[in-house]
Amino acid sequence: MTMIFGIPIQAFLGQLLVGLINGSFYAMLSLGLAVIFGLLRIINFAHGALYMLGAFIGYLLLVHLGIGYWPALIIVPLAVGLLGIVVERLALSRLYRLDPLYGLLFTFGMALVIEGIFRFYYGVSGNPYAVPTLLAGGTNLGFMFLPNYRGWVVVASLIVCIGTWLLIEKTRLGSYLRAATENPELVQAFGVNVPLLLTLTYGLGAGLAGLAGILAAPVYQVSPLMGSDLIIVVFAVVVIGGMGSILGAIVTGYVLGLAEGLTKVFYPEASNLVVFVIMAIVLLLRPAGLFGRDA
Amino acid sequence: MSEATLHEARAAASMRMERGLVALGIVGLVAAPFLIYPIFVMKMLCFALFACAFNLLLGYTGLLSFGHAAFFGGAAYFCAYAVKAWGWPPEAGILLGTAGAALMGLVMGFLAIRRQGIYFAMITLALAQMFYFFCVQAPFTEGEDGIQGVPRGHLFGVVDLNVPMNMYFFVLAIFLIGIFAIWRIVNSPFGMILRSIRENENRAISLGYSVGRYKLAAFVMSAALAGLAGAVKAIVFQFATLTDVTWQMSGEVILMTLLGGIGTMVGPVVGAGLVVGLENTLATSGFPVTIATGVIFMICVLIFRRGIVGEAYARWLGRAGGKG
């Protein structure tokens, strides 16, 4: 058997793949956080809860209505995005004039409520969500065995990330969004409906979290706790990357997922600490974050 | 926090009112164990001290820490371990817990003050989560079981803490000492500099204050006092568990402070009493606590940002001006 650094290459690549999958979710979630923060100046603590909600809506659609994975891939982001729009209109829009900390506290409360509701009805144990038949099984790549669904997750997350990046950097709507990030009053004076833009942005961010959730459903167990476990790591990712750049958030997400996978190979005990350790080191060496503009 | 400026304007009047409330509160607390189940009051006192320690940072320095559970729960572990495994007397265990929390505060604070505002909150949250993972894996915490059966022992080798009233008045004494320490810190020249950082950090820098050092000092003091509360809690309940180091616990102390009134001396005590009382009530009703906590959080942020005590000051003093 081929060895690499004294580790069988299969095990090495296997962990690297797990890292890449985790990294895909870090990237999608930190991207959403960065998009929301860029315009709304709110750290969306509920992002993990919305991700969990996405997975759960997919699961409930399947169990109760028999709606499968592919339609869910469309329905779930729309449903979660819609919820995001309602929340923004009813509550978040009242907090913009205040210290950004209130936004964090409000979305924290929201996360507790969403998580609490699902915990109350479904307990803390995970519910399995079958891999869609089209992507069942795996492919032998010669050097390793790749489960098809996992390959799809990596591809899909890349599509989502690049798509969002293109939307923000290359389209007219995106240019309004970037302009409003720099100076909302001026953009409003040019006749752009900034409040609507804010609403849509939160809806987009929430939808992205929901999409990540339904993508995650077949990989991880669908459980009420899946979001809160993830969101704190994603916060660390965001601190490392700095939220100044969309691309930065994406790249940092993937890289840290891989770093976590590598740690699992060489020193498994530290695998859930490594992101935080990297965060501490980055804070010491480059306090503004790797891609950060605002210290 | 901008509305905190409001409190500044009413400082003198609210100070007089607080003195009255404090005198009333002390009388009430001395009488409490004869009327209410003492363990419950002791729990309230521990959380009240925890919330006041947290408020020293949020209310008077303007720093939102989302990781204070690490100090509270960490100190509980240190104290419980020293008392149970090494056979230390309770007062030494509590001192060790407090010192340990202060040391952790020094490390976490040193990293966290490198960023401001929202990032500060995220960093403290992440570092506390790191400590949580450490506690899950480290052998001395005994994992999911926690450190159980911690002996209460004899205070200074004389006072038997297994007698409920002895325990109660020891906790009350610690609580009052802690609150007095916070009151002294807040009303000292040092505390004034902390407030100036809260109000306008750049201005404080331009006036020549090494803002970073003051923030770090406030962080360490807040961590040490939160640790004191946690260590005492470990002696009272005779165990230390993972619950006290989770992010939910960090959120809970924020809620207590927010509900009672950020930047007031009495507010966090009131908030802690209400939250602990609510949890006790809900525990028997079957209604999930997290949903209730979350809803209170959202209501507080949307329409009740001054908190109960802050709102009461605004009403009674008749100068409610400005938007909360």
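In chain B, the side chains of B:Glu311 and B:Arg306 form a salt bridge in which the closest nitrogen and oxygen atoms are 3.5 Å apart. Since the model is a predicted one, this pair, like everything that follows, is a computed feature of the coordinates. B:Glu311 has a relative accessible area of 15% and therefore counts as buried, and B:Arg306, with a relative accessible area of 10%, is buried as well.

A search over all chains finds six salt bridges in the whole structure, and two others can be described alongside the pair just named. Side chains of opposite charge can pair when their charged atoms come close. In chain B, B:Asp244 and B:Lys233 meet in a salt bridge with a nitrogen-to-oxygen distance of 2.8 Å. B:Asp244 sits in the loop between α10 (211–237) and α11 of chain B, while B:Lys233 belongs to helix α10 of chain B, so this pair ties together parts that are 11 residues apart in sequence. B:Asp244 and B:Lys233 are both buried. In chain A, A:Arg89 forms a salt bridge with A:Glu88, where the closest N and O atoms are 3.4 Å apart. The two partners have different surroundings by the accessibility rule, because A:Glu88 is buried at 0% relative accessibility, whereas A:Arg89 is partly exposed, with a relative accessible area of 42%.

A:Arg89 also leads to A:Ser93, since the backbone oxygen of A:Arg89 lies 2.9 Å from a polar atom of the A:Ser93 side chain. A:Ser93 is placed in the loop that runs between α3 (69–90) and α4 (100–122) of chain A, and a relative accessibility of 25% makes A:Ser93 partly exposed. For a sense of distance in this part of chain A, the C-alpha atoms of A:Ser93 and A:Ile114, which are 21 residues apart along the chain, are separated by 20 Å.

Two further positions in chain A show polar side chains that are buried. A:His47 lies in helix α2 of chain A, which covers residues 47–65, and at 0% relative accessibility A:His47 counts as buried. The side chain of A:His47 is joined to the side chain of A:Asn44 by a polar contact of 3.0 Å. When neighbours within four places in sequence are left aside, the residues in contact with A:His47 are A:Leu29, A:Gly32, A:Leu33, A:Ile36, A:Gly205, A:Ala209 and A:Ile231.

The second position is A:Ser157, in helix α5 (residues 148–170) of chain A, and A:Ser157 is likewise buried at 0% relative accessibility. Its side chain makes a polar contact of 3.3 Å with the side chain of A:Ser24. Not counting residues up to four places away in sequence, A:Ser157 touches A:Ser24, A:Met28 and A:Tyr254.

The cysteines can be taken next. Over all chains the structure holds zero disulfides, and B:Cys300 gives one instance of the geometry involved. The closest cysteine sulfur to that of B:Cys300 is in B:Cys52, and because 16 Å lies between the two sulfurs, they are too far apart for a bond. B:Cys300 is buried, at 2% relative accessibility, and A:Cys161 in the other chain is buried too, at 1%.

What remains is the way in which the two chains meet. The size of an interface is often given as the accessible area lost when the parts come together. Between chain B and chain A the buried area is about 4,100 Å², of which carbon and sulfur atoms give 79%. The elements that give two or more residues to the side of chain B that touches chain A are α5 (90–112), α6 (117–137), α11 (247–260) and α13 (289–303) of chain B. Of these, α6(B) gives the most, with 14 residues. Sorted by class, this side of chain B has 26 nonpolar, 10 polar and five charged residues. In terms of contacts, 41 residues of chain B are in contact with 46 residues of chain A.

How many salt bridges and polar contacts are counted between the two chains? The count of salt bridges between chain B and chain A is zero, while three residue pairs, with both members at pLDDT 80 or more, are in polar contact across the interface.

Technical notes
Residues numbered from 1 in each chain as written. Chains lettered and ligands numbered in written order. Predicted model: local features only at pLDDT ≥ 70, side-chain atom pairs only at ≥ 80, totals over all residues. Heavy atoms only, no water. Contact = heavy atoms within 4.5 Å. Buried area = accessible area lost by both parts, 1.4 Å probe. Salt bridge = Lys/Arg side-chain N within 4 Å of Asp/Glu carboxyl O. Polar contact = N/O pair within 3.5 Å; in protein donor to acceptor, adjacent residues only side chain to side chain. Helix = DSSP H or I, 4+ residues; strand = E, 2+ residues; numbered from the N terminus. Nonpolar A, V, L, I, M, F, W, Y, C, P; charged D, E, K, R; others polar. Disulfide = S-S within 2.5 Å. Buried < 20%, exposed > 50% of the residue type's maximum accessible area, 1.4 Å probe, protein only.
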